[in-house]
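Hello,

Here is the structure I promised to pass on to you. Please have a look at it first, and then read my notes below.

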Amino acid sequence: MSSSFSKADINTIRLEDSAYPEQVWYTIAAFLFVVGCFQWGLFLHSKFARRGHHGSDEETAVTNGVHHKFSLRRIPLAIINFYRVVTFRWTLEIGQSYTLNMAEVFVTVAYIALLLIYAFINSTSAEGQKLDIDYWSRRTGMLAASQFPIVTALGTKNNIVSWVTGISYDRLNYIHRMMARTCFMLCGGRSAMLSLETLDDGWLRLGITAMVAFSILILVSLRPVRDEVYEVFFYIHFLGVLIFLVGGYYHVLGSQGAQVYWIWPSFVVWAFDRFVRVVRLVVFNHSYFGFKSGTGTMDAETELLSEDVIRLRLRRPSHFHWSPGQTAYLIMPAVSTLPFEAHPFTIASFDSSLLSTVSAEDQSSSEVMGSSVPFWKELVFFVNVQEGFTKKLKEVAAKKETVKVFVDGPYGPSPDLGSYDTSVLVAGGSGVSYTLPVLLNIIESVRKGKSSCTRVVFIWSIRGAEFVRWIEEALIKAVQLAPPSLTVSIRIFITASSPTTQSSSSGEDNSSVSNSTEKKDSPVHVIIKKHSLSPSFMSLRGVRMETGRPNIDALLKEEVGVTSGRMSVSVCGSQAIVRSVRHALRFPVSGPSSILSGGPSVTLHIESFGYA
């Protein structure tokens with residue numbers, strides 16, 4: 001400690017070094033507790049919500065698509081929907097691909113304000129000097145150090161914050177980056193002071209080394225870097241965090257050893273996450289480790305569906321279970337640069353015994369099962385081809401080779417849609433990995449009497465009609481298994497300006513697909529090769545194939561207009577699709593006036609592309 005401090009200063013600093021970080025932690029803990037109570041309360045309400053009558057409910061009745069019967073009894077529901085719209089659907093949009101909802105904006109502003117308040121209050125030294133730079137920089141350094149454990153926890157997949165709040169680790173990843181950048185800002189003041197001193201002591205040099213590593217981490221964690229060179233980010237992040245935490249630990253130990261308890265829990269948090277992941281790897285990939293031969297080996301068959309999409313199919317171990325919408329991390333030592341690289345992908349298949357429990361009257365449809373079997377019997381993944389790892393995987397898929405895969409998972413939440421009367425599923429491209437198993441789950445739940453859903457709408461935006469073949473027979477089976485009480489509407493939009501077409505002069509047997517996204521007085525038709533899709537699929541009731549980009553706003557407003565009770569909208573795709581859905585479900589569609597007039601209560605579930 002600098003000799004310029006008086007004894008009174010030293011005593012005050014020691015008290016504040018302990019008191020202020022603790023108070024920050026108490027504030028954060030109280031906030032997490034409130035969020036956890038709210039999240040788990042919503043979960044329990046959804047789980048045990050009573051299934052009401054739909055057609056006879058005078059407060060949610062619909063006549064010819066028009067809601068009526070204004071009711072003050074729906075004020076609490078209107079308040080909840082107002083909160084949903086303002087908090088999660090109002091957004092701050094930065095550029096074309098970066099979006100923050102108001103909840104994230106609030107948490108960001110509140111957290112920065114909290115740390116700055118504690119950084120500047122009582123910053124006058126015992127000698128009367130206001131905002132003494134040495135005095136203040138030490139304060140900011142300790143406040144930043146106190147946040148390292150929670151920053152580390154938010155960056156792991158198995159962390160207590162997710163368990164307390166019920167929010168999945170991937171949704172907390174933004175908070176992880178935001179808190180890390182705020183700590184970097186606080187550490188900057190302390191580092192500036194250290195750089196002015198002679199670096200004779202080892203703890204000073206270690207502090208500067210830690211800050212250099214931290215600076216590199218901040219740079220490589222920027223979204224453009226993560227998107228373009230994810231593998232580079234992955235390697236640097238792993239090594240940089242290790243250097244930063246070790247250097248920070250010994251820096252604090254050398255300058256003020258009593259405060260080192262803010263640093264070492266970060267190592268415990270990180271080690272716990274790695275331990276859980278190793279246990280998962282051993283349990284779910286046991287044959288690779290010699291515990292059991294044959295049946296547990298998960299070699300993946302690769303198939304290049306298009307220039308941009310790969311399908312991976314793995315034999316499903318009997319002990320591996322997942323829920324719709326969950327993800328798994330795949331480790332492929334033969335493909336990745338480093339043998340322990342783990343890449344996340346949404347599980348596109350459905351963990352169910354639905355096919356084996358089909359009633360006798362459904363057996364006549366068995367001849368169309370075909371390639372739909374993997375969606376019930378195997379682990380299936382759709383992989384978007386980009387650079388690095390996925391580009392190498394594309395080379396393997398082009399040869400239809402098999403690769404050894406270690407599976408770590410499943411991770412993430414699964415939407416509980418059992419209490420919703422209408423469910424709308426929106427996907428773009430390989431986002432169908434998320435919506436397809438959710439669709440199958442809804443159908444199974446209704447068949448078993450576990451869901452009150454009466455209508456499900458499946459919207460899929462793709463570049464070409466041939467992409468439908470990825471899941472064609474799974475959709476056929478889904479529609480055939482749907483009970484009479486459930487209306488299934490499948491709407492597929494072909495967005496390419498020249499989808500798979502064939503002119504009528506070719507002599508091919510073709511069928512036309514209408515475009516309802518155009519003006520009604522100028523219908524557009526596109527000719528699609530008949531053999532590109534099976535007759536069974538084209539003849540299914542409730543299936544419509546249309547050209548052009550879907551008018552998300554009109555589609556969702558149409559569903560809200562004919563729905564009563566509770567409605568869920570689940571979306572997985574690019575930022576453009578997610579933005580469109582968010583915009584469509586703002587006021588007045590989900591506003592208080594709509595709810596009070598008998599409109600449906602709309603819940604939005606978002607699963608967006610990207611590395612968080």
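To start with a term you will need: a salt bridge here is a side-chain nitrogen of Lys or Arg within 4 Å of a carboxyl oxygen of Asp or Glu. Please keep in mind that this is a predicted model, in which local features need pLDDT of at least 70 and side-chain atom pairs count only at pLDDT 80 or more, while totals for chains, interfaces and linings use all residues. Residues are numbered from 1 along each chain as its sequence is written, and side-chain values use heavy atoms, with hydrogens and water left out.

**Salt bridges**

Searching the whole structure turns up 14 salt bridges. One of them joins D553 to K557, with 3.1 Å between the closest N and O atoms. These two sit four residues apart in helix α17, so about one helical turn separates them. (Helices, H or I of at least four residues, and strands, E of at least two, are DSSP runs numbered from the N terminus.) D553 has 32% relative accessibility and therefore counts as partly exposed; K557, at 41%, is partly exposed too. The cut-offs are under 20% relative accessible area for buried, over 50% for exposed, and partly exposed in between, using a 1.4 Å probe and protein chains only.

Helix α17 (residues 552-562) also holds E558, which pairs with R491 in strand β14, 67 residues apart. Their N to O distance is 3.9 Å. R491 is buried at 9% relative accessibility, whereas E558 is partly exposed at 43%. Both belong to a salt-bridge network with R544 and E546.

What about D408 and R277? Their closest N and O atoms are 2.9 Å apart. D408 is in strand β11 and R277 in helix α11, so this salt bridge ties together parts 131 residues apart in sequence. Both residues are buried.

**Nonpolar cores**

A nonpolar core means a set of buried Ala, Val, Leu, Ile, Met, Phe, Trp, Tyr and Cys residues joined through side-chain atoms within 4.5 Å. The largest has 46 residues, and F458, W460, I471, L486 and F537 touch the most other members. Elements supplying at least two residues each include β9, β13 and α15, but the largest share, nine residues, comes from α14.

Leaving out residues up to four places away in sequence, F537 is in contact (heavy atoms within 4.5 Å) with residues including V468, L475, I492 and M545. There is also a second, separate core of 38 residues, with L114, L115, V151 and C187 among them.

Enjoy exploring,
Your colleague
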